[in-house]
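Reader: Hi! I'm new to this one and would love a friendly tour. Can you pull it up for me?
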Amino acid sequence: MVAGPRSGRILPVTQVVRQTTRDLRRHNRAALLSSLYLRGPVSRLELVAESGLSAATVTNVVSELIADGVVAEAGSVESDGGRPRTLLAVRPGFGHVVGVDVSETHVEVGLFDCALGTLGTVRHPLVGTRLDPEEVAGLVRTGIAEVLEGGDPDVVFGVGIGVPGAVRDGGIVHAPTLGWRGVDFAELIHPHIQAPLHLDNRARTLGQAETWRGAGRGAERAIVALLGVGVGAAVATAGRSHPGITTSEWGHTVVKAAGAACRCGSHGCLEAYVGTEAVVRHYAARVGKEPVIGDESDVELAHIVAEAQGGGPAADVLAETGEYLGIGIASLINLLSPDRVVLSGSAGAIMGQAILPAVRDAVERHALDYLAERTEVVLGRLGPEAVALGAATLPIAQLLANGGRIG
Ligand SMILES: [Zn+2]
């Protein structure tokens with residue numbers, strides 16, 4: 001939509017035309033840069049076909065983006081009978097972004113280039129009582145300072161933070177699993193950093209990252225499951241340039257009546273069966289030992305996965321985890337009819353491969369046939385720092401919306 005004069009006063013025709021032309025150019029620039037970023041590398045011809053803009057407009061806007069250093073030529077492809085077509089991509093060195101994952105057990109901070117290549121990460125564990133917002137914010141500030149050490153802070157054009165729970169009014173966090181209600185987390189970070197700050201739910205940012213760069217790419221409607229200590233899901237629906245993403249508290253849907261106690265106060269929640277600490281606790285109960293929880297629970301989960309190769313209690317626990325996860329996914333399939341479900345997050349990276357057959361089997365038994373047969377269940381592709389990378393998509397999304405202009 002082209003915006004008119006805001007104040008409602010009548011502007012001279014020449015001024016209206018100038019303003020409209022400027023808005024249109026800004027819109028075209030944002031649309032083409034988004035296309036290029038999300039689908040790239042692409043040729044000018046592909047951009048023309050996808051955008052519906054004229055070849056002249058595409059050539060002009062692309063020249064501008066190249067002159068500004070946002071876009072660069074990235075090799076070429078043969079075309080049928082004609083000259084090879086030059087490919088275009090966003091220039092990784094245009095600037096850097098910081099992505100921060102605040103989970104229930106750790107703070108992870110990553111520095112990424114503009115194409116979301118990882119330049120460095122640091123991780124600080126959170127232990128039980130250290131969930132005080134000021135202390136968590138202190139670790140976030142420390143982590144940011146560590147990843148930027150020795151680098152030029154001016155090249156960082158944004159910081160994204162993913163948190164559990166809901167974010168309202170630009171930075172107020174409601175996160176029951178952290179015991180936070182109405183915490184102004186942005187205010188605790190913002191005065192200490194130079195770059196603009198963005199906050200959002202971590203399942204949503206992970207969903208955005210898997211859709212942009214990972215296993216959700218190209219899906220019409222992808223459900224990206226965040227499997228960690230907490231369990232959540234993002235539903236990403238394909239759009240022309242920016243896909244729409246919503247989140248849900250999927251981890252707290254009940255999969256077993258009068259089942260295991262959950263951190264939310266209810267019983268039988270999915271998270272109480274498939275969350276990292278839940279799996280570790282079930283295993284510990286079976287073998288009669290103390291559960292390893294907190295930030296070390298990832299290491300213990302990897303141990304259980306290795307142990308399960310020899311059968312025994314570890315294999316039984318993972319089989320049960322796969323069954324409950326499959327039940328949870330079957331409900332999502334019956335409810336939302338996605339074409340792809342992606343198992344992501346730290347626990348997804350650690351145990352995904354081991355439980356995938358059991359998950360698929362349970363999905364087949366519990367989802368409606370005609371819906372399940374058009375849904376594939378796959379593993380995430382972004383690795384262990386997926387959630388921090390997800391947070392880094394927040395400032396990138398802002399850059400795309402601004403057509404590559406910072407600020
Ligand atoms: Zn719950």
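Reader: Let's start with Val279. Which residues does Val279 touch, leaving out those up to four places away in sequence?
Author: Val279 touches Tyr273, Val274, Leu301, Ile304, Val317, Leu318, Thr321 and Met351. Keep in mind that this is a predicted model.
Reader: Is Val279 buried or exposed?
Author: Val279 counts as buried, because its relative accessibility is 0% and buried means under 20%.
Reader: Where is the place of Val279?
Author: Look in helix H8, which covers residues 276-287.
Reader: And Val317, one of the residues that Val279 touches: what separates their C-alpha atoms?
Author: Those C-alpha atoms are separated by 7.1 Å, while the two residues are 38 apart along the chain.
Reader: Nice. Now the cores: how many residues has the largest nonpolar core?
Author: The largest nonpolar core has 42 residues, and Trp250, Leu325, Ile329 and Leu343 have the most contacts inside it. Helix H10, residues 312-336, supplies the largest share of this core with nine residues. Apart from it lies another core of 40 residues, with Leu88, Phe157, Ala203 and Leu226 among them.
Reader: Back to Leu343: what is Leu343 in contact with, beyond neighbours within four places in sequence?
Author: The contacts of Leu343 include Ala225, Leu227, Leu325 and Ile329. Gly348, Leu356, Val377, Val378, Leu379 and Gly380 are in contact with Leu343 too.
Reader: Let's look at strand E12, then. How many of its residues are buried?
Author: Six of the seven residues of E12 (residues 221-227) are buried, so to speak of a mostly covered strand is fair.
Reader: Which strands do bridges join to E12?
Author: Seven bridges join E12 to E13 (residues 231-237), and that pair runs antiparallel. Five bridges join E12 to E15 (residues 340-344), and these two run parallel. As landmarks, Ala225 stands opposite Ala233 in E13, and Ala222 stands opposite Arg340 in E15.
Reader: How many residues are between E12 and E13 in their hairpin?
Author: There are three residues between them.
Reader: Switching to helices: what does H4 reach from its first C-alpha to its last?
Author: H4 (residues 133-148) reaches 23 Å over 16 residues, close to the 22 Å expected at 1.5 Å a residue. Gly150 follows H4 and has a positive phi, near 80°.
Reader: Which residues of H4 are buried, and what covers them?
Author: Pro133, Val136, Ala137, Gly138, Leu139, Val140, Gly143, Ile144 and Val147 are buried. Their cover includes strands E4 (96-102), E5 (106-113), E6 (118-125), E7 (156-163) and E10 (180-184), along with helix H5 (185-189).
Reader: Some of those strands sound like a sheet. What order do the strands have in the open sheet of five?
Author: The order is E6-E5-E4-E7-E11, with mixed pairing.
Reader: Why is one side of E6 and of E11 left without a neighbour in the sheet?
Author: E6 and E11 (197-201) stand at the edges and have a single partner strand each, so one side of each has no neighbour in the sheet. The twist averages 15° from one strand to the next. E5 and E6 run antiparallel and are joined by seven bridges, with Leu111 standing opposite Gly120 in E6.
Reader: Last topic: how many aromatic pairs does the structure hold?
Author: The structure holds four. Trp180 and Phe185 form a tilted one, 5.1 Å centre to centre with 35° between the planes. Both Trp180 and Phe185 are buried.

Conventions. Residues numbered from 1 in each chain as written. Predicted model: local features only at pLDDT ≥ 70, side-chain atom pairs only at ≥ 80, totals over all residues. Heavy atoms only, no water. Core = buried A, V, L, I, M, F, W, Y, C linked by side-chain atoms within 4.5 Å. Buried < 20%, exposed > 50% of the residue type's maximum accessible area, 1.4 Å probe, protein only. Helix = DSSP H or I, 4+ residues; strand = E, 2+ residues; numbered from the N terminus. Contact = heavy atoms within 4.5 Å. Pairing = 2+ DSSP bridges. Expected span 1.5 Å × (residues − 1). Axes fitted to C-alpha atoms, helices over the stretch in contact; angles between N-to-C directions. Phe/Tyr/Trp six-rings, centres within 6.5 Å; stacked < 30°, edge-to-face > 60°.
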